[in-house]
Amino acid sequence: NEVISRKEVQVINGRRYKVTRHMLNTTELLQWHFGPPTLRSEEVALHGCLGTGTYGAALNATHIAADGTLTSAVVKVPVLRHWGFRFFQNEMHAFDALDGGSPDDLALEAGRRNIVRRLGNLTLSLAWLRARAGGADGTPPWSCLNGTDLDDFARRAISDVLPALVLEQLPRGSVFQWLGQLSMNESRASSDGSVSRREQEMYFKALLKRIREPASRYREPTNAAFDVLIGLAWGMRRMQGLNVVHRDLVEPGKNVLLKRDGRGLTAALIDFSQAEACVTGRNGAGARAVDMFSFGNVLHFACYGRVIRSVPWTRFSCADPKPGLRELSAQHNNRLTLDGMVGDDFNRCSTKLQPQLTSLMEYVWQPALDAADGKPSANHSWAEVIDRLHAMRAERRPLFRFM
């Protein structure tokens, strides 16, 4: 009863076309099961549009606490389509799971700061949103809100409010973008694919000079690279410890943002719109192994400057991780055949740390490769990952070469 289909005939340029419209009956979807809003509209001040995401619009906002403290926030509003509401509901359910857990479990509590913090959820007036989605002069101040959809939604009188999710704002950029700033431009490589050490050094130092300028968002992370990687590992440990699979870590650190709080610089996982809560069991372990594989891709990108994408979220789920696992295994075997994983390309991680990082990559990749072959996997733990990263940091060597 969620989709209403209606057939009609349209005449376009003198030709008759049969058109089937699939309209969403959102009445039930708006009566969700996560309870009433936890924030009042006066507790959140909206300022404008940040952009569009997977399932809706992201608005710039300020959260006003009971004691008057102001916190920068992001308000996410779903698109008025069935996938928008479904992904919005996925994220709400994921946060319900991620905000759970016993405070006595110190291992999980330590990773709480490494997942974007939910400040609450609220409902926004549809009339208020429509007034800001479009204007008579054709220059809408908040162009990421679709005025046509809002008008249609209001005309059907389904509801006079829309649900919204309020999250802490993390404006420092993503780990993927930060690592990408230190990548070697492919045009700099010579025709045979090799680059002299001297050329690497000159080019890398030029990148570092640019990235350490006062206006750069990535000035600080170059000096605290291990804090970022360890923070990501803690976030994934908490996520998987609560049986949540992110499923959208396709590119290295794309949905991981840099974060600074009272304890220093770290990383935080964001965007749980495709996330799924996995019950314990073999299938759930396979889905979690795909996410763990993605962490190895972050390490590979940090060390070698080359992108290895994981599989898209549509290829696996808790119930059926096999297609994604097989695809990962095939990609991995192809890389081994083609270039032995490490060619003569420019690499930016310290030569002293490279063997340890490569060993850690193989450690976090192995569960997915074993699951793809139907083998029982060894108990690969996030505690071991974090211990190895701490050991590398204790050597007091910069992660990147020539630093």
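**From a partly exposed loop to the buried cores**

At 22% relative accessibility, asparagine 243 counts as partly exposed, because a residue is called buried under 20% and exposed over 50%. This residue of the predicted model sits in the loop between α8 (225–241) and β8 (244–245). Its backbone is also noteworthy, since asparagine 243 has a positive phi of about 60° although it is not a glycine. Most residues other than glycine have a negative phi. Phenylalanine 402, found in the segment after α12, is another non-glycine residue with a positive value, its phi being near 65°. In contrast to asparagine 243, phenylalanine 402 counts as buried, with a relative accessibility of 15%, and the text returns to it below.

The protein as a whole has 12 helices and 11 strands, and of its 403 residues 46% are buried. About 19,700 Å² of the protein is exposed, and carbon and sulfur atoms supply 49% of that area. Among contacts with a separation of 6 or more, residues 24 or more positions apart account for 73%.

One place to begin is the open sheet, in which 5 strands follow the order β3-β4-β5-β7-β6 with antiparallel pairing. Its edge strands are β3 (44–52) and β6 (118–125), each of which pairs on one side only, and the twist from one strand to the next averages 30°. Strands of a sheet pair through backbone hydrogen bonds. Within this sheet, β4 (residues 56–64) and β5 (residues 70–78) pair over 9 bridges in the antiparallel sense, and alanine 57 has valine 77 in β5 as its bridge partner. Helix α2 (residues 82–98) packs on the sheet, where it touches β5, β6 and β7 (161–168), and the direction of the helix makes about 45° with that of β7.

Strand β7 can be followed to both of its partners. It is joined to β5 by 4 bridges, the two strands running antiparallel, and valine 75 has valine 166 in β7 as its bridge partner. With β6 it pairs over 7 bridges, again in the antiparallel sense, and here threonine 123 stands opposite proline 163 in β7. Of the 8 residues of β7, 7 are buried, so the strand is largely enclosed by the rest of the structure.

Where, then, are the buried nonpolar residues gathered? In soluble globular proteins, nonpolar side chains tend to be buried together. The largest nonpolar core of this model has 86 residues, and those with the most contacts inside it are Trp178, Phe272, Phe295, Val385 and Leu389. Helix α9 (residues 282–304) contributes the largest share of this core, 12 residues. Tryptophan 178 shows how such a residue is surrounded: leaving aside neighbours within four places in sequence, it is in contact with Ile211, Tyr218, Pro221, Thr222, Ala225, Val228, Leu258 and Phe400. A second, separate core has 24 residues, including Ala61, Ala73, Phe153 and Val166, and the last of these is the valine that bridges to valine 75 from β7.

Aromatic side chains provide a further view, as a search of the whole structure finds 9 aromatic pairs. One of them joins phenylalanine 95 and phenylalanine 272 in an edge-to-face arrangement, with 5.7 Å from centre to centre and 65° between the planes. Because phenylalanine 95 lies in helix α2 and phenylalanine 272 in the loop between β10 (264–269) and β11 (276–277), the pair ties together parts that are 177 residues apart in sequence. Both phenylalanine 95 and phenylalanine 272 are buried.

A second edge-to-face pair is formed by phenylalanine 204 and phenylalanine 402, at 6.1 Å centre to centre and with 65° between the planes. Since phenylalanine 204 lies in helix α7 (residues 197–211) and phenylalanine 402 in the segment after α12 (382–394), this pair ties together parts that are 198 residues apart in sequence. Phenylalanine 204 is buried, its relative accessible area being 0%. These two residues belong, with Trp178 and Phe400, to one aromatic cluster.

Phe400 leads to a further loop, for it is one of the residues in contact with serine 350. Serine 350 is found in the loop between α10 (322–339) and α11 (354–372), and with a relative accessibility of 10% it counts as buried. Apart from neighbours within four places in sequence, serine 350 is in contact with Arg397, Pro398, Leu399, Phe400 and Arg401.

Definitions and conventions
Residues are numbered from 1 along each chain as its sequence is written. This is a predicted model: local features need pLDDT of at least 70, side-chain atom pairs count only at pLDDT 80 or more; totals for chains, interfaces and linings use all residues. Side-chain values use heavy atoms; hydrogens and water are left out. Buried means under 20% relative accessible area, exposed over 50%, partly exposed in between (1.4 Å probe, protein chains only). Contact means heavy atoms within 4.5 Å. Accessible areas come from the Shrake-Rupley method with a 1.4 Å probe; for residues, only the protein chains shown count as cover. Two strands pair if DSSP finds at least two bridges between them. Axes are lines fitted to C-alpha atoms, for helices over the stretch in contact, and angles run from 0 to 180 degrees between N-to-C directions. A nonpolar core is a set of buried Ala, Val, Leu, Ile, Met, Phe, Trp, Tyr and Cys residues joined through side-chain atoms within 4.5 Å. Rings of Phe, Tyr and Trp (its six-membered ring) pair if their centres lie within 6.5 Å; planes under 30 degrees apart count as stacked, over 60 as edge-to-face and the rest as tilted.
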